[in-house]
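The following exercises are intended for a reader meeting this structure for the first time. Each task is followed by a solution that proceeds step by step.

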Amino acid sequence: SEKVRGKLLCWQRASHTRSVSVVIVLSISQQLHGSVGRRLPQPSLFPCARPMIGITLQHGKAKVAIEVDPAGDVAQIMGRAWREFSVPLSAQKVIFKGKTLHMDAGVAASGVGEKAKVMIMGSAVEPDGAAEAAFAEHEQLVARLTAALDSAADAKARLAVGQECDRALTALDALSIAPQDDAGRARRKGFVRQYQQLQEAVDRARAGQG
């Protein structure tokens, strides 16, 4: 019938259009890739990533292996040293092959390469809890030494108090406090003054003036 022939004609035209479209697409694909089955290269997921190098940091007897960017500066090494060894940046001295490296110097430009060994010099800060515990002990020690000096019956007992003060002052001097901890430094200074006053009292007593 006319209706059936019309449907067949439409189908043939549509099929011809699809065939032409497929031929055009395949032709373009062959020109771009050389073959129909060839796949486009996959882009890198991290096109800006740079290779890292492995080095060893040493502070005293402690060692740690880290990775750094050779195109970066020495500041990244100092940052890791602060996290690993608790040595403040302001107190750090970075040594490589006997040479001091400055914070803004380049890692590769300084000769630091794969498997390099970098020394970190400087005093580590005490954790806050340790500093607080030390201050609590000094508070008790000051009270005990004050009472001992008041009850000292002879020069030997007063000398013992003076020697205890010397040891306490040495311990306070070795107690590291973070540069930004103004309150901690003020407390240490206060204990130092109290021990010095006890020593002065011991000296006066030994001289017969106390």
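**Exercise 1. The residue after a helix**

Which residue follows H2, and what is the sign of its phi?

Solution. The model under study is a predicted one. Step 1: locate helix H2, which spans residues 75-85. Step 2: move to the residue that follows H2, namely Ser-86. Step 3: read its backbone angle; the phi of Ser-86 is positive, near 60 degrees.

**Exercise 2. The chain as a whole**

Describe the order of helices and strands in the chain, and state how much of the chain is buried.

Solution. Step 1: count the elements; the chain holds 5 helices and 5 strands. Step 2: follow them along the sequence, which gives the pattern α-β-β-α-β-β-β-α-α-α. Step 3: consider burial; of the 210 residues in the chain, 29% are buried. Step 4: consider the surface; the accessible area is about 14,300 Å², and carbon and sulfur atoms account for 56% of it. Step 5: consider the contacts with a separation of 6 or more; 60% of them join residues 24 or more positions apart.

**Exercise 3. The largest nonpolar core**

Identify the residues that touch the most other members of the largest nonpolar core, and determine which element gives the most to this core.

Solution. Step 1: the largest nonpolar core has 20 residues, and those touching the most other members are Ile-55, Leu-57, Val-112 and Val-118. Step 2: at least two residues of this core come from each of strand S1 (53-59), strand S2 (62-68), helix H2 (75-85), strand S3 (93-96) and strand S5 (117-121). Step 3: H2 contributes the most, with 4 residues. Step 4: a second, separate core of 19 residues also exists, and Phe-135, Val-161, Leu-169 and Leu-172 are among its members. Step 5: return to Val-118; beyond residues up to four places away in sequence, Val-118 touches partners including Ile-55, Leu-57, Ile-77, Val-94 and Val-112.

**Exercise 4. The buried side of H2**

List the buried residues of H2 and name elements that cover them.

Solution. Step 1: the buried residues of H2 are Ile-77, Met-78, Gly-79, Ala-81 and Phe-85. Step 2: an α-helix has 3.6 residues a turn, so residues three or four places apart point the same way. Step 3: the cover over the buried residues of H2 includes S1, S2, S3 and S5.

**Exercise 5. Two glutamines**

Why does Gln-58 count as buried or exposed, and which backbone oxygen does its side chain reach? Repeat the analysis for Gln-92.

Solution. Step 1: Gln-58 lies in strand S1. Step 2: Gln-58 counts as buried because its relative accessibility is 12%, and the limit for burial is under 20%. Step 3: its side chain reaches the backbone oxygen of Gly-60 at 3.0 Å. Step 4: apart from neighbours within four places in sequence, Gln-58 contacts Lys-63, Phe-85, Lys-117, Val-118, Met-119 and Ile-120.

Step 5: Gln-92 is located in the loop between H2 and S3. Step 6: Gln-92 counts as buried because its relative accessibility is 11%. Step 7: a polar atom of the Gln-92 side chain lies 3.0 Å from the backbone oxygen of Met-78. Step 8: among the contacts of Gln-92 beyond four places in sequence are Ala-81, Trp-82 and Ile-120. Step 9: the C-alpha atoms of Gln-92 and Trp-82 are separated by 8.5 Å, the two residues being 10 apart along the chain.

**Exercise 6. At the surface**

Which residues make the nonpolar surface patch of about 270 Å², and why does Met-103 count as partly exposed?

Solution. Step 1: the patch is made by Trp-82, Leu-89 and Met-103. Step 2: Met-103 is placed in the loop between strand S4 (99-101) and S5. Step 3: Met-103 counts as partly exposed because its relative accessibility is 40%.

Definitions and conventions. Residues are numbered from 1 along each chain as its sequence is written. This is a predicted model: local features need pLDDT of at least 70, side-chain atom pairs count only at pLDDT 80 or more; totals for chains, interfaces and linings use all residues. Side-chain values use heavy atoms; hydrogens and water are left out. Buried means under 20% relative accessible area, exposed over 50%, partly exposed in between (1.4 Å probe, protein chains only). Contact means heavy atoms within 4.5 Å. Accessible areas come from the Shrake-Rupley method with a 1.4 Å probe; for residues, only the protein chains shown count as cover. A nonpolar core is a set of buried Ala, Val, Leu, Ile, Met, Phe, Trp, Tyr and Cys residues joined through side-chain atoms within 4.5 Å. A polar contact is a pair of N or O atoms within 3.5 Å; within protein, one must be able to donate a hydrogen and the other to accept it, and residues adjacent in sequence count only if both atoms are side-chain atoms. Patches are made of residues with over 30% relative accessible area and no salt bridge: like charges are joined within 9 Å, nonpolar side chains (Val, Leu, Ile, Met, Phe, Trp, Tyr) within 5 Å. A salt bridge is a side-chain nitrogen of Lys or Arg within 4 Å of a carboxyl oxygen of Asp or Glu.
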